[in-house]
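Let's take a look around this protein together. Have the sequence and the 3D view open while you read.

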Amino acid sequence: MSQPLRSGTDCAAWRELETLAQAISASSTRELFAQDAQRFEHCCIEAAGLALDYSRQRVDARVVNCFAALADQLSLRSRIEAMFRGDAINSTENRAVLHTALRRSDATSLEVAGEDIGALVRSERERMLTFAEDVRAGIIRSSSDQSFTLVVNIGIGGSDLGPAMAVQALKQFSSGAPGVAFVSNVDGCQLADLLEHADPERTLFIICSKTFTTLETLTNARSARAWILQRLGPKRLPQHFAAVSVNAKAMDEFGVHPAYRFAMWDWVGGRYSVWSAIGVSLAIAIGRAGFESFLSGGREIDEHFRAAPWHENLPLLAGLLGVWNIDLLGLPTLAVLPYDSRLARLPAYLQQLEMESNGKHVRLDGTPTALPTCPVIWGEPGNNAQHSFFQLLHQGTQRAALDFLLPINSSCASQPQQDLAIASCLAQVEALALGKDADQVRAELARQKLSPERSAALLPHKMHEGSRPLSLLLFERLDPATLGRIIALYEHKVFVQSVVWGDNAFDQWGVELGKTLTESFIPLVQKPEAVTGQSSSLMGALSYVQRWRN
Ligand code: F6P
């Protein structure tokens, strides 16, 4: 019987962190900077083209030393290697966790359960990239022998969020490619809006679904199929449908073109699958070279994560800073604030990655977690956020941890405007960290020559406490390699946190109840007049369906 895995509170370092949290809380961030003239140099780690500046987090060298001790006491190095070599660490589903295998470059084998998955990954990637290049080049053509001008990815969750976020983020690398659009919600409006102006003769649908049983995806796929059948007829249908799934039988039954079917595997979680053929719409947008660059960025972070000393290890620091903010400073949410509109969907992507991974209340052994787990992830592009919820961040009673992401170069050849975004970002992180105290406000009011009574009345309203904990992730530009690095950084941050909390970051049993109830509720909604024996609230809601549905 193997030893039960330790989690954070089982470790001596955790008790030291609790003591340090008390001590640090007594110091403002301004005081933390005053205590170390080289705070920035000590708290900004650059690796793989990313610079993580955590100098405005509420930590000092003692805390970071404790992070390293905690990592060792949790045997984190061996936990990392267990993941990379394909141990069945997703123990509730008895599966390996090998999204990292999707971005390996070497031709070495990776034996898992007697199968060389390295070769499997390389051959499927090659098929997918060849398909993507052939669609881009007009070699793969429609049923009327035309090139495709619109590619529609039909999927949801991990079969949508990653590709959709990445295609938007890397728009400047997609010139000359067919348009790529995403349909995910079950209500049919996204699809209707898209098909209103689409040319069936030149539209390719890609059905992305690991299980090929997801209600939303199958519903949209069937609607798309009906649209093509109505306009092109059954013989021409297969040439307009590709698919990515574990479920080969379902792809066949749907009528997907035999050569346009791509495999994925149980040892890749949906929220970790953008690196697989699920990323085919991204590969069509940015091409083989762009996708391989994307993979290389993720691989750089893999190598960094496995090799870097803890004090210089970006995923370790990001992960434990997050645990520190949630469990020791009592901040249950994390706002993700990218200062680039092309990253507008990054918060949504990270919502699934983090909250479907660590939104758990039991540990791997089934016992309740000893600590609050997983931040509630939210966020918007930076300047938009400043004009939306930054008032609360600066002066509210509710506190949040903050991740600022800042590309230095414009993603759309508008550097003068990106410079304004940079100035905005740097101003905000300084203001949130350092605040504005009473003396500074008094001096400001004095310059306005206000009456003493008016100044006294305004003083409390204009003070900014500061000391809001935040990280600033800087990078040169938003290109495929950098996006790969950012995604891999957050993936491994999530893994580090799951080791501290002791939960399984790779299953998602919590989504099953809603799915099962939905299936049973469909007939109730279709015939509300016949419903009996349900809860009063459900019966009440169904009565509105009956009364108000046209
Ligand atoms: O949200 C539940 C979930 O199973 C996610 O984990 C997954 O990414 C999504 O639904 C879509 O699943 P599939 O790719 O099987 O359609």
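A quick word on terms: helices here are DSSP runs of at least four residues, and they are numbered from the N terminus. Also keep in mind that what you see is a predicted model.

**A stop at one helix**

With that in hand, find Gln386, which belongs to helix α14, covering residues 382-386. Leaving aside residues up to four places away in sequence, Gln386 touches Tyr339, Ser424, Cys425 and Gln428. Now look for Asp199: it is 187 residues from Gln386 along the chain, and the C-alpha atoms of the two are 40 Å apart.

**Over to the ligand**

Where does the ligand sit? You'll find it in the largest pocket. There are 13 residues around the ligand, and the ones that come nearest are Ser159, Ser209, Thr211, Thr214 and Glu356. What kinds of residues make up this shell? The split is 2 nonpolar, 8 polar and 3 charged.

Some side chains pair up with oxygen atoms of the ligand through their own polar atoms, and here are three such distances:

| Side chain | Distance to a ligand oxygen atom |
|---|---|
| Thr214 | 2.5 Å |
| Glu356 | 2.6 Å |
| Lys515 | 3.3 Å |

How much of the ligand does the protein bury? On its own, the ligand would expose 390 Å², and the protein buries 87% of that.

So as you turn the model, try picking out Thr214 and Glu356, two of the residues that come nearest to the ligand, and then the pocket that holds the ligand, the largest one.

Technical notes:
Residues numbered from 1 in each chain as written. Predicted model: local features only at pLDDT ≥ 70, side-chain atom pairs only at ≥ 80, totals over all residues. Heavy atoms only, no water. Helix = DSSP H or I, 4+ residues; strand = E, 2+ residues; numbered from the N terminus. Contact = heavy atoms within 4.5 Å. Near = heavy atom within 4 Å. Polar contact = N/O pair within 3.5 Å; in protein donor to acceptor, adjacent residues only side chain to side chain. Areas by Shrake-Rupley, 256 points an atom, 1.4 Å probe, with all protein chains shown as cover. 1 Å grid on protein atoms, 1.4 Å probe; cavity = no way out; pocket = protein on both sides within 12 Å on 5 of 7 lines; lining within 4 Å. Sits in = over half its atoms within 2 Å of the grid points. Nonpolar A, V, L, I, M, F, W, Y, C, P; charged D, E, K, R; others polar.
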